[in-house]
Amino acid sequence: MRRPAVSSSPSDAQSQSSIRDAAGRTSTRPDRPDDIRIRRLATGDAHDLAVFYNGLSHASKRTFRPLGQTTTRSTCDEIVLDNMADRDTRMDLVAWHNGQIVGWCFIWELDSAAPTFGLAVSDAYHGRGLGTRLMGAVMDWAKQQRLQQVDLTVVQDNLVAQHIYSRFGFVRTDEFTGDDGLRYWRMSARP
Ligand SMILES: CC(C)(COP(=O)(O)OP(=O)(O)OC[C@H]1O[C@@H](n2cnc3c(N)ncnc32)[C@H](O)[C@@H]1OP(=O)(O)O)[C@@H](O)C(=O)NCCC(=O)NCCS
């Protein structure tokens, strides 16, 4: 499979605002979504991917756990290797801010008839357009690669994710009850 052209932000600048909440605590957040840089997973990213995944909240893990409740460095090493030119069986994009991965979007099983999509954003970065931006980049890549179909599963009460998925043309194809007892939709799109 050809190596991809992946869209990313125009700048690596990491400008931030200092926010003081009602309790007087300060924190930082990106001024603009553009401050977050998106690129393909690369050599050296495995540790940061594991930190990102293991740092997702319990609520996020309820709806996104492709690697189980927690992951390991060696599992993430394999994911990195699968993105290398000699394998090219997975396409993983990661969003970086302040030296940390804050979002992850992927299409796996690229050698199958129906590659599978996944998406997660760090809880502190929800609601700022990052999930939509990551998905846009991965679906642009899928279009460039002329993938015939991309599939995903989503918990039926995950309305935020379904809102984004429908914007990218995903439609419901089936439903099922997972091993976790939750109801899921299967969705599919032609990039
Ligand atoms: C799903 C997820 C990736 C979204 O990322 P995000 O960066 O917060 O999403 P965005 O800010 O790009 O977009 C959110 C959209 O949902 C919309 N939205 C917010 N609340 C909503 C609701 N209750 N119902 C429907 N849509 C809603 C927003 O208006 C926005 O759409 P718009 O851009 O058209 O206005 C993020 O919530 C996440 O990581 N969740 C945990 C992991 C997960 O569930 N992943 C999906 C597994 S299938």
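# A walk through the predicted model, starting from helix α4

Helix α4, which is made up of 15 residues, spans 21 Å between its first and last C-alpha, close to the 21 Å expected at 1.5 Å a residue. The coordinates discussed here belong to a predicted model, and the description that follows should be read with that in mind. The buried residues of α4 are Leu 130, Gly 131, Arg 133, Leu 134, Met 135, Ala 137, Val 138, Met 139, Trp 141 and Ala 142. These buried residues pack against the strands β3 (37-40), β4, β5, β6 and β7, and also against helix α5.

Just after α4 the backbone does something that deserves a second look, for Arg 146 takes a positive phi of about 60 degrees although this residue is not a glycine. Most residues other than glycine have a negative phi. Arg 146 lies in the loop that leads from α4 to β7 (150-155), and because there are 8 C-beta neighbours inside 10 Å, Arg 146 counts as exposed.

With this helix placed, the chain as a whole can be laid out. The secondary structure of the protein chain comes to five helices and nine strands, and from the N terminus on these elements follow one another in the order β-β-β-α-α-α-β-β-β-α-β-α-β-β. Of the 191 residues in the protein chain, 28% are buried. Among the contacts in the chain with a separation of 6 or more, 56% are made by residues 24 or more positions apart.

Confidence in the prediction is not uniform along the chain. The average pLDDT is 87, and 82% of the residues score at least 70. Over residues 1-5, however, the pLDDT is below 50, and this stretch has 10 contacts in the model beyond near neighbours in sequence. Residues 7-27 also have a pLDDT below 50, with 32 contacts beyond near neighbours in sequence. Where pLDDT is low, the predicted coordinates should not be read in detail.

Among the strands that α4 packs against is β5, and seven of the nine residues of β5 are buried, so this strand is largely enclosed by the rest of the structure. Strand β5 pairs with β4 in the antiparallel sense, the two being joined by seven bridges, and His 97 stands opposite Gln 100 in β5. Between β4 and β5, which form a hairpin, there are two residues, and Asn 98 in the turn has a positive phi of about 55 degrees. Asn 98 counts as exposed because it has 12 C-beta neighbours inside 10 Å. Strand β5 also pairs with β6, again in the antiparallel sense, over six bridges, and here Cys 105 stands opposite Leu 119 in β6.

Strand β8, residues 171-177, is hardly covered, since the count of buried residues among its seven residues is zero. Strand β8 nevertheless pairs in the antiparallel sense with β9, residues 183-189, over six bridges, and Asp 174 stands opposite Arg 186 in β9. The hairpin of β8 and β9 has five residues between the strands, and within this hairpin Gly 181 takes a positive phi near 85 degrees.

The surroundings of the ligand bring several of these elements back into view. Of the 20 residues around the ligand, Thr 63, Gly 131, Thr 132, Leu 159 and His 163 come nearest. The elements that contribute two or more residues to this shell are α2 (58-63), β6 (116-121), α4 (130-144) and α5 (159-167), and α5 gives the most, with five residues. In composition, the shell divides into 10 nonpolar residues, nine polar residues and one charged residue. Gly 131 therefore appears in two settings, being one of the buried residues of α4 and one of the residues that come nearest to the ligand.

A last stop is the loop between α2 and α3 (73-82), where Pro 66 is found. Pro 66 is partly exposed, because 13 other C-beta atoms lie within 10 Å. Pro 66 and Tyr 53 are 13 residues apart in sequence, and their C-alpha atoms are 9.7 Å apart in space.

How values were computed
Residues are numbered from 1 along each chain as its sequence is written. This is a predicted model: local features need pLDDT of at least 70, side-chain atom pairs count only at pLDDT 80 or more; totals for chains, interfaces and linings use all residues. A residue is near a molecule or strand if its C-beta atom, placed from the backbone, lies within 6 Å of it. Helices (H or I, at least four residues) and strands (E, at least two) are DSSP runs, numbered from the N terminus. Ala, Val, Leu, Ile, Met, Phe, Trp, Tyr, Cys and Pro count as nonpolar, Asp, Glu, Lys and Arg as charged, and the others, Gly among them, as polar. A residue is buried if 20 or more other C-beta atoms lie within 10 Å of its own, exposed if 12 or fewer, and partly exposed in between; C-beta atoms are placed from the backbone. Two residues are in contact if their C-beta atoms, placed from the backbone, lie within 7 Å. Two strands pair if DSSP finds at least two bridges between them. The expected span of a helix is 1.5 Å times one less than its number of residues. pLDDT is the predictor's confidence in each residue, from 0 to 100.
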